[in-house]
Amino acid sequence: MNKTLLNIIRFVVLVLAQVLLVNHIRLGGYVHPYIYVIFIMLLSVTMPKWQVLTLGFVLGFCVDMFTGTPGLHAGATTLMAFCRPSVLRLVSGHQKLENVHEPNIGQLGGPWFLRYVACLVLVHHFALFFLESFSFRLLGQVFLRIVLSVPVSVFLIMMILYLFDLGKKKESH
Amino acid sequence: MYNLRRFILKHHFVILFILLEVISILLLARSQNFHRNRLVSGTNVVVGNIHEMGSDVGGYFHLRQANKQLAEENALLRKQISVVTDTATNTYTLLDHDTIYEYIPARVVNNSTGMANNYIVINKGKVDGIKRDMGVISSEGIVGVVTDVSLHYASVMSLLHSKSFVGVRFKNSQQLASLRWNTGNYRFGMVEDIPTHVELHKGDTVLTSSYSFIFPEDMMVGTVEDPSVSSTDALNKAEIRFATNFATLRHVYVIHNLHKPELDSLKANFLDK
């Protein structure tokens, strides 16, 4: 129950932060960072996959309501949620995820998390910018957007995750 | 039947994924049409209110710039009024029925510049007299066209849209051409369909043409930035710098063309024959 509440708060805060703050970041017109995908990244590893998928769709749809682009973010986050199990397997390698419930930096380490975040952000941005242009006419621009936005998103997401983990440690000590 | 159930249970993850993706793409495909789904066009009340709260806070940081812009516009209008009153004297008075265009002031509550298709949401809607296909300008230049209206908000297709198309005219040569946006950069647009004999220079002014029922004639569009964009066609292209800075857009005017119903009915008659 407590966990559900935490997830709801995370959901609302991340969507609002995305549409009210991050969407207004303008660096030359090509850089578009997206941080709301943190929600999907931090969902419990043991959560049924179909639930992650549904939550991904709902999350994307909520962002779409604000940006006025029905189906755009929903499509991208759904694909990202679909890829999450494979990405988890890919970045973990031999490392066991058995006693990990919620992916966190403290338990899994910075490098693991960086790989995890980078893979998922790449999937998400790739889908997002392709769906957005809705054609292959502007391929060059789409790739430029992906190449420039992914590092910024990853950087912002890692910063946010580190800030939150620091907060947790202080509380527990 | 049993097999079907087993199949669905076994592959429920993939089936759900495909289902959700199909829904997304259908929604997206539908939204590519000019007239869009009201629920998700950013114009519904909850979303509009949240955007407005956000832009209220952000607005304070731009007050100085907004003030300066409005003061400059005031100065320009004062200058124009003095010219009109000088020449008009007593022989001509401005009557209500001489007014073709009405301007409805509005504030931008949401805006994007970095996508391939950008939309702007403004805080005026049906109750303020906003209708579809009305032009939107800022004090610097033209901005876009209203595509969707709710009670209190409207969404505007920005010039920064792959389907954006505006009839323009070069101030020097009077040459008509068309403006599109495919540069990917929010500062620059592309004027196409320019006959090769027309000489272009950097800094030439581009204005709206008189053939558009959306924008009044001679509205500022931008200036030529790169006249030498090569093209294999018989027609030239030129890159222009938009007069409007879309990244800092806050105050806009929606243009109400009072003669539009008349023009539309004329056009409809023409099409019937």
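**View 1. Where chain B meets chain A, there are zero salt bridges between the two chains.** Keep in mind that this is a predicted model. What you do find between chain B and chain A is six residue pairs in polar contact, with both partners at pLDDT 80 or more. On the chain B side, the elements giving two or more residues are helix H2 (12-31), helix H3 (45-59) and strand S1 (101-111). H2(B) gives the most, with 14 residues. Sort the residues on this side of chain B by type and you get 19 nonpolar, 20 polar and two charged. Counting both sides, 41 residues of chain B are in contact with 40 residues of chain A. Together the two chains bury about 3600 Å², and 69% of that is on carbon and sulfur atoms.

**View 2. Here's helix H3 of chain A, which covers residues 49-67.** How far apart should the ends of a helix with 19 residues be? At 1.5 Å a residue, H3(A) should span 27 Å, and its end C-alpha atoms are 27 Å apart, so the two values agree. Plenty of its residues are buried, including Val52(A), Leu53(A), Phe57(A) and Met65(A). Asp64(A) is on the buried list too, and so are Gly56(A) and Gly60(A). What do these buried residues pack against? Within chain A, the partners are helix H1 (2-20), helix H2 (38-41) and helix H4 (72-92). Chain B joins in with its H2, H3 and S1. Just after H3(A) comes Gly68(A), which has a positive phi, near 70°.

**View 3. Zoom in on Pro85(A), a residue of helix H4 of chain A.** Is Pro85(A) buried or exposed? Its relative accessibility is 19%, and the cut-off for buried is under 20%, so Pro85(A) counts as buried. Leaving aside neighbours within four places in sequence, Pro85(A) is in contact with Lys49(A) and with Phe13(B) from the other chain. Pro85(A) and Lys49(A) are 36 residues apart in sequence, yet their C-alpha atoms are 7.9 Å apart in space.

**View 4. Glu72(B) and Lys68(B) pair up in a salt bridge, at 4.0 Å from N to O.** Side chains of opposite charge can pair when their charged atoms come close. Both residues belong to helix H4 (residues 63-88) of chain B; they are four residues apart, so about one helical turn separates them. Glu72(B) is partly exposed at 48% relative accessibility, while Lys68(B), at 57%, is exposed.

**View 5. Two strands of chain B are linked by the salt bridge of Glu192(B) and Arg180(B), at 3.2 Å from N to O.** Glu192(B) belongs to strand S8 (residues 188-195) and Arg180(B) to strand S7 (residues 176-180), 12 residues apart. With a relative accessible area of 12%, Glu192(B) is buried. Arg180(B), at 30%, is partly exposed.

**View 6. Helix H5 of chain B (residues 260-272) holds the pair Asp264(B) and Lys260(B).** Their side chains meet in a salt bridge of 3.1 Å, N to O. These two are four residues apart, which means about one helical turn lies between them. Both are partly exposed: Asp264(B) has a relative accessible area of 29%, and Lys260(B) has 22%. Elsewhere, salt bridges that share partners tie Lys202(B), Glu225(B) and Arg241(B) into one network. Over all chains, the salt bridge count comes to seven.

Conventions. Residues numbered from 1 in each chain as written. Chains lettered and ligands numbered in written order. Heavy atoms only, no water. Contact = heavy atoms within 4.5 Å. Buried area = accessible area lost by both parts, 1.4 Å probe. Polar contact = N/O pair within 3.5 Å; in protein donor to acceptor, adjacent residues only side chain to side chain. Nonpolar A, V, L, I, M, F, W, Y, C, P; charged D, E, K, R; others polar. Expected span 1.5 Å × (residues − 1). Buried < 20%, exposed > 50% of the residue type's maximum accessible area, 1.4 Å probe, protein only.
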